[in-house]
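Biologist: Please take me through this structure step by step, and explain what each term rests on.

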Amino acid sequence: MTDEKKSATLNISGAEYELPILSPTAGPDVLDIRKLYGQAGVFTYDPGFTSTASCDSTITYIDGNKGELLHRGYPIDQLADKSHYLEVCFIVLYGDLPTAAELERFESTITRHTMLHEQMQYFFRGFRRDAHPMAIMVGVVGAMAAFYHDSTDINDERQREIASHRLIAKMPTIAAWAYKYSIGQPFVYPRNDLDYASNFLHMCFAVPAEEYQIDPILSRAMDRIFTLHADHEQNASTSTVRLASSSGANPFACIAAGIACLWGPAHGGANQACLEMLREIGSVENIPEAIRRAKDKDDPFRLMGFGHRVYKNFDPRAKVMKQSADEVLDLLGVENNPTLQVAKELEAAALVDDYFAEKKLFPNVDFYSGIILEAMGFPTSMFTPIFALSRTVGWVSQWKEQLADPQLKIGRPRQLYLGQTAREYVDIENR
Ligand code: CMC
């Protein structure tokens, strides 16, 4: 990876420092500043980490200018088209396409870890019925460390493996139960004869009183939503998982931290915020006003589901999602859905507007996902939990990769201090 011949020279007040340049297999070169503070006594300043590579990784590659997303080298559109979520999980987790036997073994392992410890039901029951399912997920996933002691030793490779499988397998059950609890319905246990996506739909929508038929088109759409969210390199929640894990925290605590970060409207919460925005716009006549507000610097309103830190051309996931939205709404006979109409017109209006063109703002994965999920019967509060369950494989893969890295160090950023310098404490009677 390192090209020893490449380096950069930094000149600070006449003193020169050689900085090695590392070359990746794809993407821009990286300036290695690890020794900079020791040698030159200066830090670098990069709020939001817009120019900082926090680790090396072999899992996911994004070329934001080309609109390219690769998992272990495989383009996302091919995976969405030809593969399915559990195979994508295998690829992301283990680095290569599985053989038929490997895939069968992996699917069987995940399927056989889907049940939750029965005692965990009491955690759900402790929440208010109107709790947001993300609040429940943060709590319940963190609480897994109290139930699965035999997979919390991060120094044991086998335990790390079991924790990864448990998290991928149990997350749909946790998300579905958070939903069932919020609507006052009985928890539905997983069914091992169903595939991953169908089982999730079953746990969300089946009731003991009657048979629930799973439509294969909806189950395929669900699987695609999972696939499109599987991993996204060093985004905010993944970086949160890595930072939490760098201290040696157990896997369940680390993934709970990732879920907490994902909850925010600038990250995983954007799909909920986007659908709420589309509903608020309500009809096509109100689009010009929404565009005007999004461009107004004095108005905090932003077009949710638009823009991305890395994609500055288009988000390849959004293309597949738009196609899925058409298929699902067509199947459900809601092709004249007013929210979809507003979404399509809003996208068209923003794409020809100079403001969005100049700032390279395009629809992201969240722009259409909410419309599909709503059509499938999910309330908006379930959108981010579905993102969280899909992203679990990315989090655990990045977590495993980090722990296997011999260079692992606790994450500890520095700061540009702008506060008071040392001053004398004054007793209260003299202030
Ligand atoms: N609507 C209006 N203006 C925007 C938008 C938007 N959605 N996004 C960015 N801008 C403007 C922003 O005001 C800034 O303008 P200026 O240069 O004049 O200050 C410029 O575009 C650059 O934006 P930024 O905030 O510096 O870009 P960022 O890389 O820090 O933020 C983002 C990326 C995704 C947080 C942001 O685009 C955003 O808030 N989008 C809406 C929320 C959203 O859809 N998030 C989901 C992201 S995809 C799912 C995921 O990976 O989690």
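**Contacts and strands**

Modeller: An N or O atom in the side chain of N364 lies 2.9 Å from an oxygen atom of the ligand. Please bear in mind that the model is predicted.

Biologist: What makes the pair between N364 and the ligand a polar contact?

Modeller: A polar contact requires N or O atoms within 3.5 Å. The N364 pair, at 2.9 Å, meets that limit, and therefore counts as a polar contact. The side chain of R302 also has an N or O atom 2.7 Å from an oxygen atom of the ligand. In F306, a backbone N or O atom is 2.9 Å from a nitrogen atom of the ligand.

Biologist: How much of the ligand does the protein bury?

Modeller: The ligand alone exposes 940 Å², and the protein buries 76% of that area.

Biologist: Which residues come nearest to the ligand?

Modeller: They are H267, R302, L303, G305 and R309, out of 19 residues around the ligand. The shell comprises eight nonpolar, six polar and five charged residues.

Biologist: What makes β4 and β5 a pair of strands?

Modeller: Two strands pair if there are at least two bridges between them. Four bridges join β4 to β5, so the two strands pair. They run antiparallel, and one bridge links I62 to L69 in β5.

Biologist: Why are β4 and β6 said to stand at the edges?

Modeller: The open sheet has the order β4-β5-β6. β4 (60-63) and β6 (74-75) each have a single partner strand, so one side of each lacks a neighbour in the sheet.

Notes: Residues are numbered from 1 along each chain as its sequence is written. This is a predicted model: local features need pLDDT of at least 70, side-chain atom pairs count only at pLDDT 80 or more; totals for chains, interfaces and linings use all residues. Side-chain values use heavy atoms; hydrogens and water are left out. A residue is near a molecule or strand if one of its heavy atoms lies within 4 Å of it. A polar contact is a pair of N or O atoms within 3.5 Å; within protein, one must be able to donate a hydrogen and the other to accept it, and residues adjacent in sequence count only if both atoms are side-chain atoms. Accessible areas come from the Shrake-Rupley method with a 1.4 Å probe; for residues, only the protein chains shown count as cover. Ala, Val, Leu, Ile, Met, Phe, Trp, Tyr, Cys and Pro count as nonpolar, Asp, Glu, Lys and Arg as charged, and the others, Gly among them, as polar.
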